[in-house]
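Student: Let us go through this structure with short questions and answers.

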Amino acid sequence: MIYNIPYIAVVGLILIGLAAVIFKRNLIKIVIGITIIESGVNLFLITLAFRENSTAPIYHGTGSRLMSLPVPHALTLTSIVIGVAVLALMLTLIIHIYRHYKTLDVRKIGGDEE
Amino acid sequence: MMGMSKIVKTIASIAFPLSMIYGLYVIAHGHLTPGGGFQGGAIVASACAMILVAFGSVWTMGKIKEKHLSVLESLGALGFIGLAFFGLIYGINIFFNNFLVNQNVIPIFNEIGKGLANINTAGVLPLMNFAVGLKVIAGLFAIVLVMAYATRLSEGK
Amino acid sequence: MSLRNIAAVVFFTIIAIFLIVGALLTHPFGYPENADMDQYIIDNTQSETGADNGVTSVVFDYRGFDTLGEATVLFTAVAGVIMLFRRLNK
């Protein structure tokens, strides 16, 4: 059980991000919490790809050693780019919310306007 | 945003070609060393963002409009899809077929063999790296430029 | 301590317990199971694709369709950002 320390680190990152999303009131801090959850998920994908005494899956000339699995690295690349796209759209919407409501407090925007 | 002082402008214009050459090296050698289209595109886009911070957003928007950047991004996406559709020829109906490897019709991208690490070794892969790299550079620079220009404060308030 | 705060703390505790128990019960770190597909890709990359980089051959050749989807997501995000900052000149 002591050898599962990378998985404990992933759970720690996800819990820090989740605490920021639930308990904070500023919109920018909520967006930072979402980004931290995204980083935790990317780290989890990379820790699934490790073999004992292995190296990176890249050849130098011929001959081979034990190599780690290349498919989770490819999935992590896609996940990072999708995280960047979602972050760009979230920040754009925050700029428009600030121009309309003049505040960034999440409990004072929206609601009934009639 | 306003630009920064003269020292920062000089050093940014010296460091910009070095960063761009390093990013293009990472894009071009994507099939031999760690790297590829997405990683090299992020390096060049952050070099362009350094120019944007040093010179101000009003000056940069005067040089490059965002419609030119969106044309470049569309060219990169069309190149990527065109290379994928070319795999449907030669009678083998597979989408995303690597059609430049193991054939004798087009002689330039044909080198194959273990341990032969040249630029034109891997068939369609270097061309796809260039297309995706162009798309990522234009896309990320357009996002940063549009956001910085739309939130500028008017001068002399 | 209103009802909303108590409900938030209870929800957070349940998710935390679920994640920690799940992290301690996975397979040991460094011994992946069912690695047959990846072993085939590692053995046959140089002769089928001609590339030295295993990750690039997976991203662009063996799983190129996922890269197509990712390029579409990036294009949609850039189009959305430019569209939201457009100012109509009257």
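Student: Which residues of α5(B) are met by α2(B)?
Tutor: This is a predicted model, in which local features need pLDDT of at least 70, side-chain atom pairs count only at pLDDT 80 or more, and totals for chains, interfaces and linings use all residues. Residues are numbered from 1 along each chain as its sequence is written, while chains are lettered from A and ligands numbered from 1 in the order in which they are written. Helices (DSSP runs of H or I, at least four residues) and strands (E, at least two) are numbered from the N terminus. Gly37(B), Phe38(B), Gly40(B), Gly41(B), Ala42(B), Val44(B), Ala45(B), Cys48(B), Ala49(B) and Leu52(B) of α2(B) meet, in α5(B), Asn129(B), Val132(B), Gly133(B), Val136(B), Ile137(B), Leu140(B), Phe141(B), Val144(B), Leu145(B) and Ala148(B).

Student: How many residues of the contact of α2(B) with α5(B) are nonpolar?
Tutor: Ala, Val, Leu, Ile, Met, Phe, Trp, Tyr, Cys and Pro count as nonpolar, Asp, Glu, Lys and Arg as charged, and the others, Gly among them, as polar. No residue of this contact is charged and 5 are polar, while the nonpolar residues number 15.

Student: At what angle do the axes of α2(B) and α5(B) cross?
Tutor: Axes are lines fitted to C-alpha atoms, for helices over the stretch in contact, and angles run from 0 to 180 degrees between N-to-C directions. The axes of α2(B), residues 37-55, and α5(B) come within 8 Å, and they cross at roughly 30°.

Student: Are α2(B) and α5(B) roughly parallel or roughly antiparallel?
Tutor: Angles under 35 degrees count as roughly parallel, over 145 as roughly antiparallel, 65 to 115 as roughly perpendicular and the rest as oblique. The two helices, α2(B) and α5(B), are therefore roughly parallel.

Student: Which element gives the most to the side of chain B that touches chain C?
Tutor: Two residues are in contact if their C-beta atoms, placed from the backbone, lie within 7 Å. By that rule 30 residues of chain B and 20 residues of chain C take part. On the chain B side, α4 (66-85) and α5 (125-150) each supply at least two residues. With 9 residues, the most comes from α5(B).

Student: Which element gives the most to the side of chain A that touches chain C?
Tutor: Here 37 residues of chain A are in contact with 34 residues of chain C. Two or more residues come from each of α1 (5-23) and α3 of chain A. With 12 residues, the most comes from α3(A).

Student: How do α3(A) and α4(C) lie, given their angle?
Tutor: Helix α3 (residues 71-101) of chain A packs against helix α4 (residues 64-84) of chain C with axes 10 Å apart and an angle of about 15°. That angle makes α3(A) and α4(C) roughly parallel.

Student: How many residues of the contact of α3(A) with α4(C) are charged?
Tutor: The contact includes Val81(A) and Leu89(A) of α3(A), and Asp66(C) and Glu70(C) of α4(C). Its residues divide into 10 nonpolar and 4 polar, and the charged ones number 2.

Student: What radius of gyration does chain C have?
Tutor: Chain C comes to 4 helices and 0 strands, and its C-alpha trace spans about 65 × 60 × 15 Å along the principal axes. The radius of gyration is taken over C-alpha atoms, and the globule rule is 2.2 Å times the number of residues to the power 0.38. A compact globule of 90 residues would be near 12 Å, but chain C has 23 Å.
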